[in-house]
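Here are my notes on the structure you asked about, written as numbered points. Keep the 3D view open while you read.

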Amino acid sequence: MDRKGIYVVMGVSGCGKSTIGLLLAEKLGIPFFDGDDYHPEANVKKMKSGLALNDDDRKGWLEALNELAIEHKEKGAVIACSALKESYRSLLRKQLKKEMAFVYLQGSFSEIHARLQKRKGHYMPIELLKSQFETLEEPKDAITVSITHSPDRIVTEILKKIT
């Protein structure tokens, strides 16, 4: 894949999608988009109230992110998006089979729980982390990196794996 492709940085909340996505986009010289910014208000309200999103809630959001990716397929982009299930990743890569790669930020429940305890101001409550891990279908075809290293080291590992 061309280094100017579409990269979806994925994983559960608190794994570092935005931090790593921003750094990766900067290194590749392509735009960064935070998928959370594309959630409809109804999804944000639902999460703020402590309820997990279901597949129907996510469908329109994922379709909007797919359209964003299609718009940027020529110049490339990095999109931070949880993409927890294979069906979500299929919807995201619709019409972008060759142009899109997933970067999976892999971490344990305890690592990510500790991070979320320190995070302030995000609308997804820490109580929903368990449901995210229960929903997560780890990708088999992604660039997988551990979140245990520094952001710079993680991005260096990702760049080495991009062909």
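1. How many bridges join strand 1 to strand 4? Five, and the two strands run parallel. Strand 1 covers residues 6-10. If you want one pair to click on, try methionine 10, whose bridge partner in strand 4 is tyrosine 104. Before you go further, remember that this is a predicted model.

2. Now zoom out to the whole sheet. It is an open sheet of five strands in the order 2-3-1-4-5, with parallel pairing. Strand 2 (32-34) and strand 5 (143-146) stand at the edges, and each has a single partner strand, so one side of each is left without a neighbour in the sheet. From one strand to the next, the twist averages 20°. As background, strands of a sheet pair through backbone hydrogen bonds, and this can be parallel or antiparallel.

3. Let's walk along the other pairings. Strand 1 pairs with strand 3 in the parallel sense over four bridges, and isoleucine 6 stands opposite alanine 77 in strand 3. Strand 2 is joined to strand 3 by three bridges, again running parallel. On the other side of the order, strand 4 (100-106) and strand 5 pair in the parallel sense over four bridges. There, valine 103 has isoleucine 143 in strand 5 as its bridge partner.

4. Strands 3 and 5 make a nice pair to look at for their side chains. Strand 3 is covered on both faces: Ala77 and Ile79 on one side, and Val78 and Ala80 on the other, are all buried. In strand 5 the side chains alternate. Ile143 and Val145 point to one face and are buried, while Thr144 and Ser146 point to the other and are not.

5. Aspartate 34 deserves a click. Is this residue of strand 2 buried or exposed? Aspartate 34 counts as buried because its relative accessibility is 18%, and the cut-off for buried is under 20%. Its bridge partner in strand 3 is alanine 80. Setting aside neighbours within four places in sequence, aspartate 34 is in contact with Ser18 and Ala80. The C-alpha atoms of aspartate 34 and valine 8 are separated by 9.9 Å, with their positions 26 residues apart along the chain.

6. Next, the helices that sit on the sheet. Helix 1 (residues 17-28) packs there and touches strand 1, strand 2, strand 3 and strand 4. Its direction makes about 155° with that of strand 1. Helix 7 (residues 151-161) also packs on the sheet, touching strand 4 and strand 5. The direction of helix 7 makes about 155° with that of strand 5.

7. Which residues lie nearest the centre of the largest pocket? They are Ser13, Gly14, Gly16, Lys17 and Arg119, out of a lining of 30 residues. The space in this pocket is about 530 Å³. Helix 1, helix 3 (55-71), helix 6 (129-135) and helix 7 each give two or more residues to the lining, and helix 1 gives the most, with four. By type, the lining divides into twelve nonpolar, twelve polar and six charged residues.

8. Two residues have a backbone angle worth checking. Most residues other than glycine have a negative phi. Alanine 83, though, has a positive phi of about 45°, and glutamine 95 has a positive phi near 70°. Alanine 83 lies in the loop between strand 3 (77-80) and helix 4 (86-92), whereas glutamine 95 lies in the loop between helix 4 and strand 4. Alanine 83 counts as buried because its relative accessibility is 0%. Glutamine 95 is exposed, with a relative accessible area of 57%.

9. Finally, leucine 84, which is found in the loop between strand 3 and helix 4. Leucine 84 counts as buried, at 0% relative accessibility. Leaving out neighbours within four places in sequence, its contacts include Gly11, Val12, Arg89, Gln132 and Leu136. Leucine 84 and phenylalanine 133 are 49 residues apart in sequence, yet their C-alpha atoms are 8.5 Å apart in space.

Methods: Residues numbered from 1 in each chain as written. Predicted model: local features only at pLDDT ≥ 70, side-chain atom pairs only at ≥ 80, totals over all residues. Heavy atoms only, no water. Buried < 20%, exposed > 50% of the residue type's maximum accessible area, 1.4 Å probe, protein only. Pairing = 2+ DSSP bridges. Axes fitted to C-alpha atoms, helices over the stretch in contact; angles between N-to-C directions. Contact = heavy atoms within 4.5 Å. 1 Å grid on protein atoms, 1.4 Å probe; cavity = no way out; pocket = protein on both sides within 12 Å on 5 of 7 lines; lining within 4 Å. Points joined across faces, edges and corners; volume = space filled by probe spheres on them. Nonpolar A, V, L, I, M, F, W, Y, C, P; charged D, E, K, R; others polar.
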